[in-house]
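The exercises below concern a single predicted protein model, and each task is followed by a solution that goes step by step. Please keep the sequence and the structure in view while working through them.

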Amino acid sequence: MGGLLPEFMEEIGLHDHVCHFHGSAEDRLSILVPYFRIGLSRGEKCLLLCDEPDGEQVLAALRANGIDIGSALARGSVLFTQGPAARP
């Protein structure tokens, strides 16, 4: 199934919602990296809400996979919140 996920994500439209349950940090990143790559390449805004230290791990993984997350954050294309403020 892992090979189909990026193809599936290409078909996600504006205002569609997706929920992914993950069992490990690696599983989480296997979804988040292509999700952010696709969203940012479309010019969409992306939201990342995480507990600490997960947020920094996700940002590092995005950088390591060639996503210029620093520029995306600076121009407001990504909103990043971690810690208690990220919880409902």
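In this predicted model, local features need pLDDT of at least 70 and side-chain atom pairs count only at pLDDT 80 or more, whereas totals for chains, interfaces and linings use all residues. Residues are numbered from 1 along each chain as its sequence is written, and side-chain values use heavy atoms, with hydrogens and water left out.

**Exercise 1. Set out the overall fold and the burial of the protein.**

Step 1. Helices and strands are taken as DSSP runs (H or I, at least four residues, for helices; E, at least two, for strands), numbered from the N terminus. On this basis the protein has four helices and two strands, and their order along the sequence is α-α-β-α-α-β.

Step 2. A residue is buried under 20% relative accessible area, exposed over 50% and partly exposed in between, with a 1.4 Å probe and protein chains only. Of the 88 residues in the protein, 31% are buried.

Step 3. With contact meaning heavy atoms within 4.5 Å, one can take the contacts between residues at least 6 apart in sequence, of which 71% join residues at least 24 apart.

**Exercise 2. Describe helix α2, its buried residues and what follows it.**

Step 1. Helix α2 covers residues 25-41, has 17 residues and spans 24 Å from its first C-alpha to its last, close to the expected 24 Å, where the expected span is 1.5 Å times one less than the number of residues.

Step 2. The buried residues of α2 are R28, I31, L32, V33, P34, F36, I38, G39 and L40. R28, a residue of this helix, is buried at a relative accessible area of 13%, and beyond four places in sequence it touches H22, D54, Q57 and V58.

Step 3. After α2 comes G43, which has a positive phi near 80 degrees.

**Exercise 3. Locate the largest nonpolar core and trace the contacts of F36 and L62.**

Step 1. A nonpolar core is a set of buried Ala, Val, Leu, Ile, Met, Phe, Trp, Tyr and Cys residues joined through side-chain atoms within 4.5 Å. The largest such core has 14 residues, among which F36, L62 and V78 touch the most other members.

Step 2. Two or more residues come from each of α2, β1 (46-50), α3 (54-64) and α4 (69-74), and α2 gives the most, with four residues.

Step 3. F36 lies in helix α2 and, not counting residues up to four places away in sequence, touches C46, L47, L48, L62, I67 and V78. Its C-alpha lies 8.2 Å from that of I67, although F36 and I67 are 31 residues apart in sequence.

Step 4. L62, leaving aside neighbours within four places in sequence, is in contact with L32, V33, F36, I67 and I69.

**Exercise 4. Which aromatic pair does a search of the whole structure find, and how many disulfides are there?**

Step 1. Rings of Phe, Tyr and Trp (its six-membered ring) pair if their centres lie within 6.5 Å, and planes under 30 degrees apart count as stacked, over 60 as edge-to-face and the rest as tilted. The search finds one aromatic pair: Y35 and F36, edge-to-face, at 6.0 Å centre to centre with 70 degrees between the planes.

Step 2. Within this pair Y35 is partly exposed at 39% relative accessible area, whereas F36 is buried at 1%.

Step 3. A disulfide requires a pair of cysteine sulfur atoms within 2.5 Å, and the count by this rule is zero. As for cysteine burial, C46 is buried at 6% relative accessible area and C50 is buried at 9%.
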